[in-house]
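Hi everyone, thanks for coming. Let me walk you through a structure that is new to most of you. Please have a look at it first.

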Amino acid sequence: MDTQTMSDQVKIFDTTLRDGEQSPGISLDEGEKVEIAEQLARLGVDIIEAGFPVASQGDFEAVHAIANAISGPTICGLSRTAHKDIDRCWEAIEPAEKRRIHTFIATSPTHMKHKLRMTPEQVKEEARSAVRHARSYTEDVEFSPEDASRSDFDFMCEVLQIAVEEGATTLNIPDTVGYGVPEDYAAKIRSIRERVSGDYVISTHCHNDLGLAVANSLAGVMAGARQVECAVNGIGERAGNAALEEIAMAVKTRSDYFEGLDVNINTKELQRTSKLVSRLTGYPVQYNKAVVGRNAFAHEAGIHQHGVLRERTTYEIMDPDAVGQGESQIVLGKHSGRYAFADRLRQLGYDIKGDALNASFTRFKELADRKVQLSDADLEAIVADEVGTSGENVFALEFLECHGGSIASGTPHATVVVSKDGEQKMIRCEGDGMVDAACSAIKEATCVEGKLTDYTVTSVTGGVDALADVALQFTSEEGIKVGGRGLSTDVVEASARAFLNAVNKVSIIRSDSPQVATEDRPGHLSAELR
Ligand code: KIV
Ligand code: ZN
């Protein structure tokens, strides 16, 4: 008979500092644990499982320090059924305003036989005596039949009934090895409510070995569980525990499905909490992690970007601000569309349209194909490179291939294909280096002779995939002085583009000044174009 009082509030029992800290390679010191506990209190969790006090002196002291420092949430300590464990647990949590002892013993055949080496009868007695002993300290006692999913269900219910009769107020049903599947786990929770009588709250504690920890926990909630044990970023033994942030946002976002249930979580603190736990544990958060991953609100596909820029909810079911992630992000990469590209440029102060926008967008796509993401500095460089030249080019660089290296690899050479009015010319030249060879080939292909008078390369951003920004000065044979700019992830290509940019300017000046556009040009013309 189910005599539990069902509430609309699902308690969040955070086990980041206990099960989470049991993750391989994580070892938090006392100060770090207190810092995380303070943040968990700000986040609004109902219960903090602060540690396993009998496990070590360090664990005891950390739990004790948290019990002293934290107000708000209940502070819970874990303990096996041995009375000395329970005594130590109580000693550690005693200073807290609100205290809970969580005691557990395994009920699955494999755990009883191989780990505990106890008969089912002995396990029942252990559970009885542990809960009774814990109740001599506090009224708030939680009991867990470890490895519940693989336990004989009738036997487990007998043990749970004993725990309730001895005064346990929370019955936690651990899917210790992540074996459960949602419907089956939910059916178990429902049956426990029918078969175990008394006044208690059912709790879920699901591990993620099959990637089902959050799904199983939520199925448990739908079946009547009113406490969820979970950890920030889903850390915990092996594949971890149910992720706190996912549980909280699922209940809030799908309030239509969770029928008026709620969690007491200040969701704006989720991102900050995730970052703190990641920093102190050294466990990175995967980029595409739900809710707190850095890509959780980032859009790269052109269609998605277009949608989100018009109306955020087209591709977002949560508001990034509501989880502390600020604003949606439009990531400019090779899948981005013109709409998002122009929007970003407008934000950077470039309101370009028409041919200039088309030319810049084409360059952006070419570069994005080579560089995964383009920064704002990259975009500005593209615009600076394209805006001055678009629509006015006489020659276009269609192809560039070069060969270089150490002396033993032979004379550097470059092959270029340059087009003018739809006609292409291919030229191969040798040079002192690949840049020199490429520039010589361009001169020959365009019939524009002259001298490079200045040449500088700067990197637009850091990293090996940074864009090279080449700026040069060129003086044609008749004395026209022009500047050229070129941009590419490849220094030789950036140089060739800068050189062709200068050559184009010379050609435009020549065609604007017919007197110099002939074979017998005057020796000197002081036109300058930058
Ligand atoms: O996974 C588990 O069974 C546990 C118990 C101690 C609750 O962490
Ligand atoms: Zn666990």
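Let's start with the cysteines: the count of disulfides, meaning pairs of cysteine sulfur atoms within 2.5 Å, comes to 0. Before I go on, this is a predicted model, where local features need pLDDT of at least 70 and side-chain atom pairs pLDDT 80 or more, while totals for chains, interfaces and linings use all residues. Residues are numbered from 1 along each chain as its sequence is written, chains are lettered from A and ligands numbered from 1 in the order written, and side-chain values use heavy atoms, leaving out hydrogens and water.

So why is there no bond at cysteine 76? Its closest cysteine sulfur, in cysteine 89, is 6.6 Å away, too far for a bond. For cysteine 157, the closest one is in cysteine 206, at 16 Å, again too far. Cysteine 157 is also buried, with a relative accessible area of 6% (buried is under 20%, exposed over 50%, partly exposed in between, with a 1.4 Å probe and protein chains only).

Now, ligand 1. Which residues are around it? Among those with a heavy atom within 4 Å are Arg18, Asp19, His102 and Glu146. Threonine 176 has a polar side-chain atom 2.6 Å from an oxygen atom of ligand 1, and histidine 205 has one 3.1 Å from an oxygen atom of the ligand. The protein covers 94% of the 260 Å² of accessible area that ligand 1 has on its own, by the Shrake-Rupley method with a 1.4 Å probe.

Methods
Polar contact = N/O pair within 3.5 Å; in protein donor to acceptor, adjacent residues only side chain to side chain.
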